[in-house]
Amino acid sequence: MVLSTKQLAGWLFILVLPASSCFSQTPDILRLEYMVMPQNMKEIRTSRIKVVVNIPVKVRDEDYLVLGGEINSYNYKIQNEFGFNPNDLDKFSVVDLNLAYVLKWNTEWKFVGVATPRWSSTSTTELNVKDLNLNLAAGVYRDRKDVEKPSRLVLGLLYNSSSSVRVPLPVLYYENRFHPKWSYVLGVPKSGLKFYTKKQHFFQFEIILDGYYVNIQDAIVLMDDAAATAISSTAVLATLGYQYKFTKDISVYATLGHTLLQDGLLRDENRDKIFTLNDGPSLYFRTGFRIGI
């Protein structure tokens with residue numbers, strides 16, 4: 001079977017994004033973020049409030065246990081007439097609990113293991129076992145900070161229980177400060193280029209993979225009698241962002257972008273696409289406050 005571009009992007013999101021969120025990108029002690037994709041030609045508007053909290057606990061000399069969580073609350077507004085009640089998809093949430101262990105191997109390399117129970121649901125009734133999934137990730141990473149060209153490399157494996165592909169999948173992330181004013185990132189869900197001006201000011205261009213996969217507790221019956229039991233979205237975005245650092249670890253940021261690809265779908269219990277909600281281009285805006293580790 002040959003996969004289309006949209007199918008490939010969708011599988012990348014479902015299979016790889018959770019691992020990258022766990023240990024490929026820079027971790028946060030606290031992140032508060034608001035995102036909006038204004039109403040587009042499909043007459044759909046999406047907004048999201050994200051809250052991230054992580055608490056590192058020192059276990060031994062340089063080993064850490066990290067306890068944390070992430071809440072994503074979505075507001076999904078449908079103005080189009082699709083033949084079902086759009087209020088059934090008005091609000092939904094994705095909640096992660098993160099348990100990670102960071103083990104120092106030597107002066108450069110560390111081992112990381114992450115277990116992430118996930119609850120993703122439209123929350124129309126009581127908690128359902130189909131709302132729950134478990135993501136597992138393990139890998140090694142190398143930080144080179146006090147050198148002329150700082151870099152970070154992550155190599156790992158991901159197991160995602162919400163995927164129909166029940167085998168561990170590889171994860172790769174690389175970040176390099178190749179010039180005093182420039183750095184680049186290659187990875188998922190973000191690849192990009194960052195420009196450093198004055199000490200507190202940063203500009204960056206990024207290609208971002210964003211999205212969600214959420215259980216619909218009360219199945220939506222479509223006009224052809226097909227039953228939708230999940231809603232998913234995959235968006236590949238080109239963005240330009242600005243970040244201002246108050247201190248080394250505390251900053252605010254704003255990002256403006258546009259979709260290169262968007263695929264909002266209703267899926268049946270076999271995870272097959274049965275209805276396209278949103279495949280139109282959209283603007284994208286995100287802003288927030290973060291305290292890094």
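Accessible areas here come from the Shrake-Rupley method with a 1.4 Å probe, and for residues, only the protein chains shown count as cover. By that yardstick, the protein has an accessible surface of about 15,300 Å², and 61% of it belongs to carbon and sulfur atoms. Before going on, note that this is a predicted model: local features need pLDDT of at least 70, side-chain atom pairs count only at pLDDT 80 or more, and totals for chains, interfaces and linings use all residues. Residues are numbered from 1 along each chain as its sequence is written, and side-chain values use heavy atoms, with hydrogens and water left out.

Let's start with the overall build. There are 15 strands and one helix in the protein; these are DSSP runs numbered from the N terminus, with helices being H or I of at least four residues and strands being E of at least two. Of its 293 residues, 46% count as buried (buried is under 20% relative accessible area, exposed over 50%, partly exposed in between, with a 1.4 Å probe and protein chains only). Now take contacts, meaning heavy atoms within 4.5 Å. Among those between residues at least 6 apart in sequence, 56% join residues at least 24 apart.

On the outside, look for a nonpolar patch made of L32, Y34, I49, V51, V53, I55, V57, L67, I71 and L99, with about 800 Å² of accessible area together. Patches are made of residues with over 30% relative accessible area and no salt bridge, where like charges are joined within 9 Å and nonpolar side chains (Val, Leu, Ile, Met, Phe, Trp, Tyr) within 5 Å. The elements giving two or more residues to this patch are β1 (28–37), β2 (44–58) and β3 (64–78). Strand β2 gives the most, with five residues. I49 sits in β2 and is partly exposed, because its relative accessible area is 48%.

Next, peek inside. A cavity is a set of points, on a 1 Å grid over the protein atoms alone, where a 1.4 Å probe fits but cannot get out, and lining residues have an atom within 4 Å of a point. Grid points are joined across faces, edges and corners, and the volume is the space filled by probe spheres set on the points. The count comes to one cavity of 30 Å³ or more, and the largest cavity holds about 120 Å³ of space. Its lining has 16 residues, with M37, T46, Y212, S233 and Q262 nearest the centre. Two or more lining residues come from each of β1, β2, β3, β11 (201–221), β12 (227–245) and β13 (250–267).

Finally, the charges. Side chains of opposite charge can pair when their charged atoms come close. The whole structure has 14 salt bridges, each a side-chain nitrogen of Lys or Arg within 4 Å of a carboxyl oxygen of Asp or Glu. D28 is a good place to begin: it pairs with R31 at 2.7 Å, N to O, and also with R290, where the closest N and O atoms are 2.5 Å apart. D28 lies in β1 and R290 in β15 (residues 283–292), so this pair ties together parts that are 262 residues apart in sequence. D28 counts as buried at 5% relative accessibility, and R290 does at 11%.

A second link joins R286 and E33, with closest N and O atoms 3.5 Å apart. R286 is in β15 and E33 in β1, so parts 253 residues apart in sequence are tied together. R286 is buried at 5%, and E33 is buried with a relative accessible area of 6%. Through shared partners, salt bridges join D28, R31, E33, R48, D210, R286 and R290 into one network.

Terms used:
1 Å grid on protein atoms, 1.4 Å probe; cavity = no way out; pocket = protein on both sides within 12 Å on 5 of 7 lines; lining within 4 Å.
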